[in-house]
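Morning, everyone. Please bring up the model on the screen, and I'll talk you through the ligand site and two backbone details.

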Amino acid sequence: AWEKYTVPEGNDVDSIARSIVHHTTTTLARTPYNMDDFGGYQATAHSVRDKLIQDWNETQQYHTIKDPKRVYYLSLEFLLGRAMDNALLARGLKEPYTEATKQLGFKIEDLLEEERDAALGNGGLGRLAACYMDSLATLDYPAWGYGLRYTYGIFQQKIVDGYQNEVPDYWLTYDNPWELPRLDISIEVPFYGHVSKYSDENGRTRHKWEAGEIVQAVAYDVPIPGFDTNNTINIRFWSSKPRKEFDLAYFNSGDYNRAVEDQKKAENITSVLYPNDNHMVGKELRLKQQYFWVCASLHDIIRRFKKTDRPWSEFPDQVAIQLNDTHPTLAVPELMRVLVDLEGLEWDEAWNITTRTFGFTNHTVLPEALEKWSVPMLEHLLPRHLQIIFDINLFFLQTVEKTFPNDRDLLATVSIIEESQPQSVRMAFLAVIASHKVNGVAALHSQIIKDTIFAPFIKVLGPDRFTNKTNGITPRRWLHQANPDLSNLIAKKLGSFKFLKELSLLDGLSKYANDEAFQKEWMDIKYKNKVRLTNLIKERTGIEVNPNALFDIQVKRIHEYKRQFMNILGVIHRYANLKKMNAAQRKAVVPRVVIFGGKAAPGYYIAKLVIKLINSVGEKVNNDKDIGDLLKVVFIPDYNVSVAEVIIPANDISQHISTAGTEASGTSNMKFVLNGGLILGTVDGANIEIYEEIGDDQIFLFGARSEQVEDLRHVQRYRNVPMNPELQAVIHLIENGTFGESHIFQPLINTITVGKDYYLISVDFGSYLESNELVDEAFKDKKAWAQKSILCTARMGKFSSDRAIKEYAEDIWNIDPVPVPDKK
Ligand code: 26V
């Protein structure tokens with residue numbers, strides 16, 4: 001009987017308006033008389049949600065019937081940002097929803113602004129996961145994401161007296177219409193306890209882990225709609241809850257308070273996203289998060305696999321699991337535990353299945369970011385996993401020993417166990433040994449990991465295990481959604497929106513790069529986007545900037561290796577120069593707005609000082625009557641995905657100036673260029689491949705090359721090299737109090753002067769200033785600049801996340817698209 005009662009549908013304006021009214025009166029229990037924009041957003045969101053859920057259901061049903069090999073993307077971070085605009089554009093419903101909300105008295109832009117970002121990530125790694133989910137859905141792949149449903153996402157950044165303050169991001173205050181609680185799907189996750197041995201019916205020694213604590217993982221599903229296709233995939237986020245079964249021991253002892261405390265401890269596990277990126281802190285709670293998530297996800301995957309009664313040997317033909325950095329590496333010993341301890345497979349067969357299942361992506365070479373867990377901590381929390389890790393290591397070292405007899409040094413170098421005090425487990429080594437493919441995220445980075453951190457493994461495992469998968473970004477969010485005017489102009493010129501799913505079609509713009517009428521349309525949109533950013537800057541900082549000035553932008557996490565410090569030192573140099581000029585000289589200057597944004601990890605003292613310095617320099621420069629519009633310095637507080645969507649389309653130039661060899665890839669560089677901006681950057685990460693695509697008229701590269709860095713560091717450390725005089729002068733200005741009390745900034749200055757200048761600011765400063773001058777010169781020629789801007793966009797085809805995902809699918813996961821047919 002169910003078949004005849006179909007869900008009311010209709011994507012016409014009238015039906016949509018009715019569904020919004022329906023949600024207003026039922027879901028929200030509000031009336032049209034007390035509706036504000038937030039209510040309007042909520043009701044509209046629920047209406048859109050209804051459609052996503054139906055597509056999601058159909059996709060999952062279809063995939064269940066087809067039962068193809070699936071990929072599971074395990075990431076502790078998904079930096080999704082807002083969902084509504086994305087969903088409307090993906091489903092082609094923006095227009096009727098605009099009209100329907102208009103008829104109800106709203107402006108859709110205002111409603112979209114009411115949505116709070118889903119900010120369950122730190123930076124590049126989390127946003128990459130979000131772009132990849134978009135591509136997986138759009139390309140019709142049968143894919144799932146698995147993550148944690150943190151109660152607190154990345155903190156909100158407030159700037160107080162120039163300093164960063166952190167405010168907890170309690171993002172679930174109001175309901176979250178973009179998730180479906182699956183209270184029926186829950187998995188018990190064990191911790192602590194001890195391991196015992198027993199003899200099974202075949203006389204084999206088996207291990208049994210008796211847990212000391214069990215926590216419940218409950219699923220919350222977030223649908224990810226593909227663009228212009230039915231495929232709607234799922235990210236399953238786990239939330240920790242106390243177990244339904246209460247603890248008899250407490251009940252018997254009558255200790256009610258302890259019982260409640262224990263329940264709260266369970267909920268603690270998924271409470272907060274760790275706000276470090278690129279810095280490992282060995283906290284037990286973080287390790288608990290990792291196992292909680294990995295255990296729940298793996299058991300969910302296995303449950304799905306088991307529905308079809310296949311033998312275990314076929315597991316890798318049905319399941320590909322991608323490890324997004326080392327954070328999910330405990331999935332390796334967990335899968336081994338399931339196969340050997342619970343399912344009774346032989347070790348060798350289990351290991352074969354495991355290595356065929358996993359792929360591992362490395363995202364950083366910074367030594368302080370490489371995860372290492374102390375052996376005693378692991379032993380306490382996960383006693384059986386530690387044993388399995390030791391066994392994996394033992395068998396691995398035995399094979400190494402066979403091929404390279406008597407090479408004790410080699411054994412120590414490749415051992416998963418580091419002989420530190422106490423011993424620790426090198427998670428990256430475990431991930432490399434357990435995966436059939438290991439990839440870096442840009443060509444240079446993939447080469448560097450082979451030459452440095454994983455070099456001995458080439459010798460031991462052969463070169464074929466290592467590969468490159470250059471990162472990409474989704475053009476749906478980063479062009480079509482963030483820059484609709486430009487997307488529309490491109491579609492008009494190319495004849496369709498096909499480029500949004502086949503980004504290399506953008507190349508068709510090249511032939512108009514010199515066309516003056518087209519240049520005007522192009523630059524008018526750029527100007528409009530700069531006005532939009534000008535307004536945001538005014539609103540959030542009170543600073544007034546001139547949209548005709550050159551907009552020079554650096555937004556990303558604040559880190560010494562990314563060298564925001566060098567940028568602001570360059571700004572001080574520019575300011576000092578302007579001060580020295582006479583009126584005639586100033587007339588020839590290209591006005592510039594230097595824009596910064598980004599969060600510092602709360603415990604990262606030096607990074608926080610950089611923020612303070614930027615604000616202090618801004619304070620001085622922006623209020624200097626001599627300078628006026630010639631130079632403005634802006635720090636936009638609380639940089640996040642939705643703010644990025646306003647900032648990026650407004651760039652004339654963006655800076656990606658990490659010390660060569662330190663930025664694995666970068667992805668914002670791709671977003672800026674896609675939106676018609678030039679790059680000022682170092683020869684690092686994906687900058688190199690961007691340069692290869694867009695050509696050297698569109699990018700200003702400078703600074704030391706990665707091959708030189710080691711020697712240069714040595715020279716900085718052991719020889720007395722005189723400091724670049726311009727840098728000397730800049731430091732002098734900070735020290736003499738030009739930007740407020742100088743003692744504040746002393747620790748920062750010391751990183752260059754007293755310290756070893758590890759990130760080579762003094763080495764690159766001269767060429768950095770020269771490149772900045774070239775930028776000014778280029779910007780003076782408006783026509784040539786417009787041409788460059790068009791060519792930038794036209795040549796970005798390679799950097800679509802669709803290209804990246806196809807490469808992963810074909811070379812690593814071995815999965816095929818499974819398009820969901822249209823409803824009859
Ligand atoms: C590392 C750690 C270390 C342990 C503590 C918590 C934590 C959280 C996040 C991370 C990830 C750091 C690595 C990372 O974000 N890498 C960035 O990945 C981007 C996507 O591949 C890439 O574009 C950036 O260049 C790279 O810095």
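I'll start with the ground rules, then go to the ligand, then to the backbone.

This is a predicted model: local features need pLDDT of at least 70, side-chain atom pairs count only at pLDDT 80 or more, and totals for chains, interfaces and linings use all residues. Residues are numbered from 1 along each chain as its sequence is written, and side-chain values use heavy atoms, with hydrogens and water left out.

Now the ligand. It has 21 residues around it. Near here means a heavy atom within 4 Å. His 363, Asn 471, Glu 663, Ser 665 and Gly 666 come nearest.

What is the make-up of the shell around the ligand? Seven residues are nonpolar, ten polar and four charged. Ala, Val, Leu, Ile, Met, Phe, Trp, Tyr, Cys and Pro count as nonpolar, Asp, Glu, Lys and Arg as charged, and the others, Gly among them, as polar.

Helix 6 (residues 124-138) gives the largest share of that shell, three residues. Helices are DSSP runs of H or I, at least four residues, and strands are runs of E, at least two, numbered from the N terminus.

Next, polar contacts: pairs of N or O atoms within 3.5 Å. A ligand oxygen lies 2.6 Å from a side-chain N or O atom of Glu 663. For the side chain of Tyr 561, the distance from a ligand oxygen to an N or O atom is 3.1 Å. Ser 665 offers a polar backbone atom, 3.0 Å from an oxygen of the ligand.

On to the backbone. Gln 421 and Pro 422 are joined by a cis peptide bond, with omega about -5 degrees. Pro 422 is in the loop between strand 15 (417-418) and strand 16 (424-426). Ala 29, not a glycine, has a positive phi, near 50 degrees. Its loop runs between helix 1 (13-25) and helix 2 (37-66).

Notes. Polar contact = N/O pair within 3.5 Å; in protein donor to acceptor, adjacent residues only side chain to side chain.
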